[in-house]
Amino acid sequence: MKYSDTVPLARQLESRPPETWDGNERRQYFRLDDRVLLGIEVLAIAPADDPAVDSLVELEQQITSLLHRVSSQQPEVAALLRLMNQKLNRVAGLELQPTIDVEEHPANVNLSACGIRFETHTDVSEAHYLRLHLTLLPDHTTLVLNGRIVALEAGSKPDSTRIRVAFNPIRNTDQEILIQHMMSLQRRQIRPHDR
């Protein structure tokens, strides 16, 4: 039985932190349906900004994106570079991306530059904050985004929950990547209708 089946939505939101979605997000950024690779990490406490970690995460994202481009033409070189990057992270004691179960198949999401809505079978009934590991397609750009859960609803499938998450805090560079991705997605969606 789902959390959303046993507890009314209004009561679920009462138990959320006082800082809640004010409804203005839809006016600030447009939203689009998309398909992404998605991994979910439940956080016990609100994420905090850490400039040192942010810069390392940004470097890791750039490395991952470049490795994906190299792997299509030179898979062995990409595999070697991936291993070297992992070795450097271990030597430096970096745990930037713990082992997170990222779905192999793209998930349907509704995405904006400041939030996301998706369905999951992961138990988030007691969670207030998530860390989302997103891979934007088709470029395989990876983002690790912290978010605050603003709504839980019954999902369309049995034992699934529809979650709305506000990215908070979000780095300017990550937000810019999301905006560029969504503009590109919108162009791809409009193009077939122009013919």
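Which side chain meets that of Arg 162 in a salt bridge? In this predicted model, the partner is Glu 119, and the two side chains come together at 3.0 Å, taken from N to O. The pair links distant parts of the chain, since Arg 162 belongs to strand E6 and Glu 119 to strand E3, 43 residues apart. The points below begin with the barrel that holds these strands, and then turn to charged pairs, a surface patch and the loops.

**The barrel**

- Six strands close into a barrel, following the order E1-E2-E3-E6-E5-E4, and their pairing is antiparallel.
- On average, and with direction ignored, neighbouring strands of this sheet are turned by 45 degrees against each other.
- Strand E3, which covers residues 115-120, runs antiparallel to strand E6, which covers residues 161-167, and six bridges join the two.
- Within this pairing, Glu 119 stands opposite Arg 162 in E6.

**Around Glu 119**

- Glu 119 and Arg 162 are linked with Glu 153 in a network of salt bridges.
- Glu 119 is partly exposed, because its relative accessible area of 28% falls between the 20% limit for buried residues and the 50% limit for exposed ones.
- Arg 162 is likewise partly exposed, with a relative accessible area of 24%.
- The side chain of Glu 119 also takes part in a polar contact of 3.3 Å with the side chain of Ser 160, a residue placed in the loop between strand E5 (141-154) and E6.
- Ser 160 has a relative accessible area of 1% and is therefore buried, as this value is under 20%.

**Other salt bridges**

- The count of salt bridges comes to four, and one of them joins the side chains of Glu 41 and Arg 131 at 3.7 Å, from N to O.
- This pair too links distant parts of the chain, with Glu 41 in strand E1 (residues 32-43) and Arg 131 in strand E4 (residues 129-136), 90 residues apart.
- Glu 41 counts as buried at 15% relative accessibility, whereas Arg 131 is partly exposed at 24%.
- Another salt bridge is formed by the side chains of Arg 171 and Asp 174, at 2.6 Å from N to O, and both of these residues are buried.

**A nonpolar patch on the surface**

- Val 77, Leu 80, Leu 81 and Met 84 form a nonpolar patch on the surface, and together they have about 340 Å² of accessible area.
- Leu 81, one of these residues, is placed in helix H5, which covers residues 75-92, and counts as partly exposed at 37% relative accessibility.

**Loops and backbone details**

- In the loop between E4 and E5 lies Pro 138, and the peptide bond that leads to this proline from Leu 137 is cis, with omega near 10 degrees.
- His 140 lies in the loop between E4 and E5 and has a positive phi of about 60 degrees, although it is not a glycine.
- With a relative accessible area of 26%, His 140 is partly exposed.
- Asp 159, found in the loop between E5 and E6, is a residue other than glycine with a positive phi, near 60 degrees.
- Asp 159 counts as partly exposed at 49% relative accessibility, because a residue has to be over 50% to be called exposed.
- A cis peptide bond with omega of about -5 degrees joins Asn 168 and Pro 169, and Pro 169 lies in the loop between E6 and helix H6 (172-194).

Key
Residues numbered from 1 in each chain as written. Predicted model: local features only at pLDDT ≥ 70, side-chain atom pairs only at ≥ 80, totals over all residues. Heavy atoms only, no water. Pairing = 2+ DSSP bridges. Helix = DSSP H or I, 4+ residues; strand = E, 2+ residues; numbered from the N terminus. Axes fitted to C-alpha atoms, helices over the stretch in contact; angles between N-to-C directions. Patch = residues over 30% accessible without salt bridge, like charges linked within 9 Å, V, L, I, M, F, W, Y side chains within 5 Å. Areas by Shrake-Rupley, 256 points an atom, 1.4 Å probe, with all protein chains shown as cover. Buried < 20%, exposed > 50% of the residue type's maximum accessible area, 1.4 Å probe, protein only. Polar contact = N/O pair within 3.5 Å; in protein donor to acceptor, adjacent residues only side chain to side chain.
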